[in-house]
Protein chains: 2
Amino acid sequence: MASIKDVAAEAGVSVATVSRVLNDHPSVSADARTRVLAAVEALGYRPNAVARSLRTDQTRTLGLVISDVLNPYFTELARSVEEEARALGYSVIIGNADERPELQDHHVRTLLDRRIDGLLVSPTDGGSPLMLDAVRAGTPMVFVDRWIPGVDVPVVRADGRAAVRDLVAHLHGLGHRRLAIIAGPAATTTGSERVEAFRDAMAECGLPLPDAYIGQGDFQADSGRRVTEGFLELAEPPEVVFAADNLMALGALDAVRARGLRIPDDIALAAFDDIRWFVHTDPPITAIAQPTGELGRAAVRALVDRIEGRPPQSVTLPARLVVRRSCGESAPQEPSPATNRRQP
Amino acid sequence: MASIKDVAAEAGVSVATVSRVLNDHPSVSADARTRVLAAVEALGYRPNAVARSLRTDQTRTLGLVISDVLNPYFTELARSVEEEARALGYSVIIGNADERPELQDHHVRTLLDRRIDGLLVSPTDGGSPLMLDAVRAGTPMVFVDRWIPGVDVPVVRADGRAAVRDLVAHLHGLGHRRLAIIAGPAATTTGSERVEAFRDAMAECGLPLPDAYIGQGDFQADSGRRVTEGFLELAEPPEVVFAADNLMALGALDAVRARGLRIPDDIALAAFDDIRWFVHTDPPITAIAQPTGELGRAAVRALVDRIEGRPPQSVTLPARLVVRRSCGESAPQEPSPATNRRQP
DNA sequence: CCTCCTCGTGGAATCGATTACACGGAGGAT
DNA sequence: ATCCTCCGTGTAATCGATTCCACGAGGAGG
């Protein structure tokens, strides 16, 4: 592969001049510029990003460590992150932690070794020493979706409290009294926050929330299934199951189906995170929708601000309730197919 | 951030010795080794992968350019690719082409600039000059899922012909005669192959396939919707719609639903690519399942073989028909919930 | 005509690693 | 005692860029 030296030789100038042309530095004669450009063209030369990074100490690359690529929520997040990053001239390297702290650490380490310019993380746990060290060492970082309390890092996330309150009120209005939740890992902020919001909302409605109605999941489908089976075996099973993410809702669906029960007649179901398939499940699932794309874009903007020396800003956007039929009657018709990919 | 020089100074040895310890080169005294290791620990030193790559001319990184991250099929593929690559000591950088050739080229270029050791591609189109150049220049490359005919690059893919034949036979057995297909872009191999397989299978069953029953989609949900609307407006609409990928099936579902029609009573639906949600849609969707994880793993193995100087092998695995209820009666019960994440 | 700037250019240092080569000392063979 | 091997180690070249600094030419101003 041709290097800058080859280009210099071909154009009959020094490597310094070639470099100047490539980085359009002002003081290059028109003559030299055209000769260099011709040589670049002739040799099919492309600058070596590795060498450039070594010298300039910047990679124009962002790392994104997400908890689970198979979760459509994170996939969408990843997509919007890459899109915005590209618009700002950065590449993104995605690491999939698969909800496993040690895998998360592996990716953080690898990304740091590659000297990425900044890190976007949706932490799987309460904070690995590695990540804390990285923050202390000054690595530009932004948390997205989930965060680690007590760490001075901007957070870009959705606030679901109001939407959870709306959901509980909606369920209450439908006559449901025994509501259960499949919680996410307490070590994640989204895991604990959603339970808390649910608990508060229940209290507001004057509904009891026995411990047996709080199932411990791990944001994966299997746990949703397991917890739901547990609920169904209770002497007094809940009337509604609220899954704290879409995958656990999928698991719950599996469990209900395996029992031969019907939704919403035998048991109702709602989920945190709205995904396109919820429109087409049997029945369509009531969910809390996050402004996922906007979160990803805002996170990138915050991180790039931090990298380029501007003060980064934390962002909190509201989530909203989307009522469908999985919790009982009185659901409005979906206004239009929710298939539009790029939403404003 | 500490460099190898700092470690050398701290340990009282030369950088060469530090490097030797780090790459466990044999000729280093036990004493020097412990002193270096202690220094590494004390300084929290991590080798700079950028510098190392520049010197050794290898990044231990693979590029993966897929057509659409939002497509669960590709997400799963990406996941298995990353998993296998990690097991072999490589990282993966994913580029999302979003079914747009120019975006695909952007990613290929960026990955090449970063001097990735090899490229895994599922081409969006019939072959950009850029990619052809890269192959000619000797970049290790492997096509996965889709490929470019006439290019000497190993291909790892699933063969759906038998499964499509099974599907058509199944539909025929159910009494359906008017079958339509939502095809993918003809520029992609999967796009044209699936139509061809369908056409052949129809011929085998002695069924006609009028042009009006071949709708042109682009593997995105919107096109599935649009094409399905077209089908429904025909004087004689098809009895079955077969979508060549899962997203177009989603779009078809939208269209059917918007019309207030019922599946399978008013119209039947089948899809290429099986995804977890198809179990829970209304009704569960008959689909052709690919051994996605195995494809990803085989592709990585082939690419790494090529990179490390072993002869790479093309791999073709069979896809299989999974019958559910979206095409009519006589569907067997799903044996067990299809929620298990890691399938053998 | 001399001095001073400005401009375009090239030489060379530098980033942080790896590695070929040289070198000194220890130990074995003669 | 001399020579030859190894072994452990350090010096320095190298990868491909960027960029500081110096230098020569040419124009402006005195």
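Which side chains meet in a salt bridge at 2.5 Å, N to O? They are the side chains of Asp98(B) and Arg79(A), and this pairing belongs to a count of four salt bridges between chain B and chain A. The model is a predicted one, and the points below take up the contact between the two chains, then the surroundings of DNA strand D, and finally the setting of one residue of chain B, Ser326(B).

**Chain B and chain A**

- The contact between the two chains draws on 58 residues from chain B and 58 residues from chain A.
- The size of an interface is often given as the accessible area lost when the parts come together.
- For chain B and chain A this buried area is about 5600 Å², of which 57% lies on carbon and sulfur atoms.
- Across the interface of chain B and chain A, 16 residue pairs are found in polar contact, with both residues at pLDDT 80 or more.
- On the side of chain B that touches chain A, the elements giving two or more residues are α4, α5 (72-87), β2 (91-96), α6 (101-113), α10 (221-233) and α11 (246-258) of chain B.
- The residues on that side of chain B divide into 21 nonpolar, 16 polar and 21 charged.

**Around DNA strand D**

- DNA strand D is surrounded by 26 residues, and the closest are Ile4(A), Ser19(A), Tyr45(A), Asn48(A) and Arg55(A).
- Of the strand's atoms within 4 Å of the protein, 57% belong to sugar or phosphate, while the rest belong to bases.
- Ser19(A) places a polar side-chain atom 2.6 Å from a phosphate oxygen of DNA strand D, whereas for Asn48(A) a backbone N or O atom lies 2.6 Å from a phosphate oxygen of the strand.
- Chain B also takes part, as a polar side-chain atom of Ser29(B) lies 2.7 Å from a phosphate oxygen of DNA strand D.
- Two or more residues of the surface near the strand come from each of α1 (4-11), α2 (15-22) and α4 (49-56) of chain A, and from each of α2 (15-22) and α4 (49-56) of chain B.
- Among these elements, α4(A) gives the most to this surface, with five residues.
- The residues of the surface near DNA strand D comprise 11 nonpolar, nine polar and six charged.

**Ser326(B)**

- Ser326(B) is placed in the segment after β12 (320-322) of chain B, and because its relative accessible area is 0%, Ser326(B) is buried.
- Leaving aside residues up to four places away in sequence, Ser326(B) touches several residues, including Ile263(B), Pro264(B), Leu269(B) and Thr286(B).
- The side chain of Ser326(B) also reaches the backbone nitrogen of Thr286(B) at 2.9 Å.

Conventions. Residues numbered from 1 in each chain as written. Chains lettered and ligands numbered in written order. Predicted model: local features only at pLDDT ≥ 70, side-chain atom pairs only at ≥ 80, totals over all residues. Heavy atoms only, no water. Near = heavy atom within 4 Å. Polar contact = N/O pair within 3.5 Å; in protein donor to acceptor, adjacent residues only side chain to side chain. Helix = DSSP H or I, 4+ residues; strand = E, 2+ residues; numbered from the N terminus. Nonpolar A, V, L, I, M, F, W, Y, C, P; charged D, E, K, R; others polar. Contact = heavy atoms within 4.5 Å. Buried area = accessible area lost by both parts, 1.4 Å probe. Buried < 20%, exposed > 50% of the residue type's maximum accessible area, 1.4 Å probe, protein only.
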